[in-house]
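Trainee: I would like to go through the labels used for this model and ask, for each of them, what justifies the word.

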Amino acid sequence: YQPFFNRSVLPLAAQTRDHRFAGYFSWVVPQQPQSNIYQFVYTQSPDIYFGELTLHGSEAILKAELKLNWGKGEDEPFISGEKGGNIDAHYSPQNHFVAYASGLTGQVDVYIKPLSKNLLDAGVRATENEALDLAPRWSPDGKHLVYSSDLTGNMDIFLLRDVLTPDGKRLNPGSKRVRLTSSERVDEASPTWSPDGELIAF
C-alpha cells in the first residue's frame, strides 16, 4: 500500500495450481537504499522468492516494475520447495539472513539462509525435533529468533538465543532454546518483536 499515490494496491503474487498460497511478506533493507527501489522476500508455497519493486511516477501516476528472477532463469526461487514446502520467510537487516520454516526433512523445522545471489548457499537447520516449528522472527538486533512450536503438545512460543556465531556468518551450535510460554489449554502463535527488542507479542 502506497498512501501517496492514487493507485494504492499492487498485485505481487497470485494463487495458482502449483503455488497454493502467496503471502508471508518481509521487506529487505538494502545496504545502500534507493528511494524508488524496494526489495522483499515472500512465500509462494512451496517456494520462497526474492523480489525487487521499482516505482516510477508522481502522485498522479504509478508504474511498477517487478522482478522475481533472482536466479538461473525466469521466476527462479530464492529457496526451492522441490524437496519440501517452505513458508514464513523473515529477513533480518542486521545480519542479512532469512529465517523460514521448511518441511525439507519430512518434519517442519526452522532454517536460516544468507541473502545472497548464490543459490548454492543451502539453508541451515536451526531447530531439529519432531515438533511443528513455525513463524520464525528475527529480533531487531539480528541476534535471536522467536518462533512458535507444538513441541510440548500445543503451540507455545520459543526463543533461540544467539543464533549466529560471533562473526555473524554461520549457525551457532551453542544456541540456547528457551520456552517463553507454557499454557496447556490454548495455543500461542505468530510471535513478533517490538522495535526495541524488549517485548514479544503473539
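Trainee: Why is Arg 170 called partly exposed?

Mentor: In this predicted model, Arg 170 has a relative accessible area of 45%, and since buried means under 20% and exposed over 50%, the value falls in between and the residue is called partly exposed. Asp 167, with a relative accessible area of 42%, is partly exposed by the same reasoning.

Trainee: What makes the pair Arg 170 and Asp 167 a salt bridge?

Mentor: The closest N and O atoms of Arg 170 and Asp 167 are 2.9 Å apart, and because the cut-off asks for a side-chain nitrogen of Lys or Arg within 4 Å of a carboxyl oxygen of Asp or Glu, the pair qualifies as a salt bridge. A search of the whole structure finds 4 salt bridges.

Trainee: How do you know that Arg 125 and Glu 128 form a salt bridge, and what is the exposure of Glu 128?

Mentor: Their side chains meet at 3.6 Å, N to O, which is within the 4 Å limit, so the term applies. Glu 128 has a relative accessible area of 61%, and because this is over 50% the residue is exposed, whereas Arg 125, at 24% relative accessibility, counts as partly exposed.

Trainee: What makes Asp 156 buried, and which residue is its salt-bridge partner?

Mentor: Asp 156 has a relative accessible area of 0%, and because buried means under 20%, the label follows. The partner of Asp 156 is Arg 179, with the closest N and O atoms 3.0 Å apart. This pair links distant parts of the chain, for Arg 179 lies in strand 12 (residues 176-179) and Asp 156 in strand 11 (residues 156-161), 23 residues apart. Arg 179 itself counts as partly exposed, at 38% relative accessibility.

Trainee: Which strands make up the open sheet, and in what order do they stand?

Mentor: The sheet has 4 strands, in the order 9-10-11-12, and the pairing is antiparallel. Strand 9 (133-138) and strand 12 stand at the edges because each has a single partner strand, so that one side of each is left without a neighbour in the sheet. On average, and with direction ignored, neighbouring strands of this sheet are turned by 25° against each other.

Trainee: How do you know that strand 9 and strand 10 count as paired?

Mentor: Strand 9 and strand 10 (residues 145-149) are joined in the antiparallel sense over 4 bridges, and because pairing requires at least two bridges between the strands, the condition is met. On the level of residues, Leu 134 has Ser 148 in strand 10 as its bridge partner.

Trainee: Where does Ser 80 lie, and why is Ser 80 called partly exposed?

Mentor: Ser 80 is placed in the loop between strand 4 (62-67) and strand 5 (86-91), and its 41% relative accessibility lies between the limits of 20% and 50%, so the residue counts as partly exposed. Leaving aside residues up to four places away in sequence, Ser 80 touches Pro 46, Asp 47 and Asn 86. The C-alpha atoms of Ser 80 and Ile 48 are separated by 6.6 Å, although these residues are 32 residues apart along the chain.

Trainee: How many helices and strands does the chain have, and how much of the chain is buried?

Mentor: The secondary structure comes to 0 helices and 14 strands, while buried residues make up 42% of the 202 residues. The chain exposes about 11,800 Å², of which carbon and sulfur atoms supply 49%.

Definitions and conventions. Residues are numbered from 1 along each chain as its sequence is written. This is a predicted model: local features need pLDDT of at least 70, side-chain atom pairs count only at pLDDT 80 or more; totals for chains, interfaces and linings use all residues. Side-chain values use heavy atoms; hydrogens and water are left out. Buried means under 20% relative accessible area, exposed over 50%, partly exposed in between (1.4 Å probe, protein chains only). Helices (H or I, at least four residues) and strands (E, at least two) are DSSP runs, numbered from the N terminus. Axes are lines fitted to C-alpha atoms, for helices over the stretch in contact, and angles run from 0 to 180 degrees between N-to-C directions. Accessible areas come from the Shrake-Rupley method with a 1.4 Å probe; for residues, only the protein chains shown count as cover. Contact means heavy atoms within 4.5 Å.
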